[in-house]
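This report looks at charged pairs and at the nonpolar core of one protein chain. Please keep the sequence and the 3D view open while reading.

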Amino acid sequence: RFLSDHDFGGAGVLAVDADDAMAVFEDLGDQTLLVEIRKNPNSTRHLYRKVLEHLADLQQRGTPLAIGGGCNEACDRVFSSEDLLSETAYFSHRYLAQKCGYSTETVEACNEVFLALAGAVDDQPKKLMHRDFQSTNIMLTNGLVRLVDVQGMRLGPRGYDVASLLRDPYADLSENMIDDLIGDWAAMVGLDQHEARYEVTLAGVQRSMQALGAYAFLTRIKGKKAFRQWYGPGLKHLKSGITAAESFGGWADQLQPLKNIIE
């Protein structure tokens, strides 16, 4: 209701039966961001700017509204370093150990990397966070940006949703476009360009590992073999994210153990 009532893109709640724990929601259609950019690749930059404007509004206007009592359910948990470490543990177990076959000793060599990364991402200002803000969860309904799969919303690091959107293996944006769009988002939220790139880059390394862990789980445990096709794009984005992060002071050394394994 909060996302719908305040024009943040949520599906309208049409009816509720509290006794039977049932609700009827507005149908947002099937035109995802991914479908649209595949149909009209020349519109990619324009559409991503539109989605980032929507996200910036959710972060800038939505966060104080929710915290001020507008949506306690979106503020009752914070995506913290504990959650970030849970993501990288998932990556270590499902992808590095089970999928790639690395030994426990090799995987554990990255523990300090994961601690440093979680700490840096957790230090970012907390804003309303969709948690899985990628191209198949963003709908374009009658020209408007709408959101699905919103049940994971909480407060979280400012750059995480931006990284989820721009480092999405399904869409596989170019590095130049990613950099340009980070600059666009920085201008939208009034953030220094260097700081914006730092936040989104580190959150992107984190998010890329989460995605690879998820693909390994879905492929190997759930038997959904179609997800195999995303290993390559996911790994490419992790490598590119590490390369981008190395330009920030001290991170080249901190990320080296992870880089050694990935290469």
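Arg207 is buried, because its relative accessible area is 7% and the cut-off for buried is under 20%. The model is a predicted one. The side chain of Arg207 meets that of Asp132 in a salt bridge, with 2.4 Å from N to O. Arg207 belongs to helix 9 (residues 193-221), while Asp132 sits in the loop between strand 3 (126-129) and strand 4 (138-141), so the pair ties together parts that are 75 residues apart in sequence. Asp132 has a relative accessible area of 22% and is therefore partly exposed.

**Salt bridges**

Side chains of opposite charge can pair when their charged atoms come close. How many salt bridges does a search of the whole structure find? The search finds 15. The table lists three of these pairs, including the one just described.

| Pair | Distance, N to O |
|---|---|
| Arg207 and Asp132 | 2.4 Å |
| Glu175 and Arg167 | 2.7 Å |
| Glu53 and Arg49 | 3.8 Å |

In the pair of Glu175 and Arg167, Arg167 is buried, with a relative accessible area of 10%. Glu175 counts as partly exposed because its relative accessibility is 34%.

The pair of Glu53 and Arg49 lies within one element: both residues are in helix 3 (residues 44-70). They are four residues apart, which is about one turn of the helix. Is Glu53 buried or partly exposed? Its relative accessibility is 42%, so Glu53 counts as partly exposed. Arg49 also counts as partly exposed, at 31% relative accessibility. Glu53 and Arg49 belong to a network of salt bridges that also links Arg45, Asp180 and Asp184.

**The nonpolar core**

In soluble globular proteins, nonpolar side chains tend to be buried together. The largest nonpolar core in this model has 74 residues. Which residues have the most contacts inside this core? They are Leu33, Tyr48, Phe91, Leu165, Leu166 and Leu258. Helix 9 gives the most to the core, with 10 residues.

Tyr48 can serve as an example of a core residue. If its neighbours within four places in sequence are left aside, Tyr48 is in contact with Leu33, Ile37, Ser135, Leu165, Leu166, Ala171, Leu173 and Leu181.

Note on methods. Residues are numbered from 1 along each chain as its sequence is written. This is a predicted model: local features need pLDDT of at least 70, side-chain atom pairs count only at pLDDT 80 or more; totals for chains, interfaces and linings use all residues. Side-chain values use heavy atoms; hydrogens and water are left out. A salt bridge is a side-chain nitrogen of Lys or Arg within 4 Å of a carboxyl oxygen of Asp or Glu. Helices (H or I, at least four residues) and strands (E, at least two) are DSSP runs, numbered from the N terminus. Buried means under 20% relative accessible area, exposed over 50%, partly exposed in between (1.4 Å probe, protein chains only). A nonpolar core is a set of buried Ala, Val, Leu, Ile, Met, Phe, Trp, Tyr and Cys residues joined through side-chain atoms within 4.5 Å. Contact means heavy atoms within 4.5 Å.
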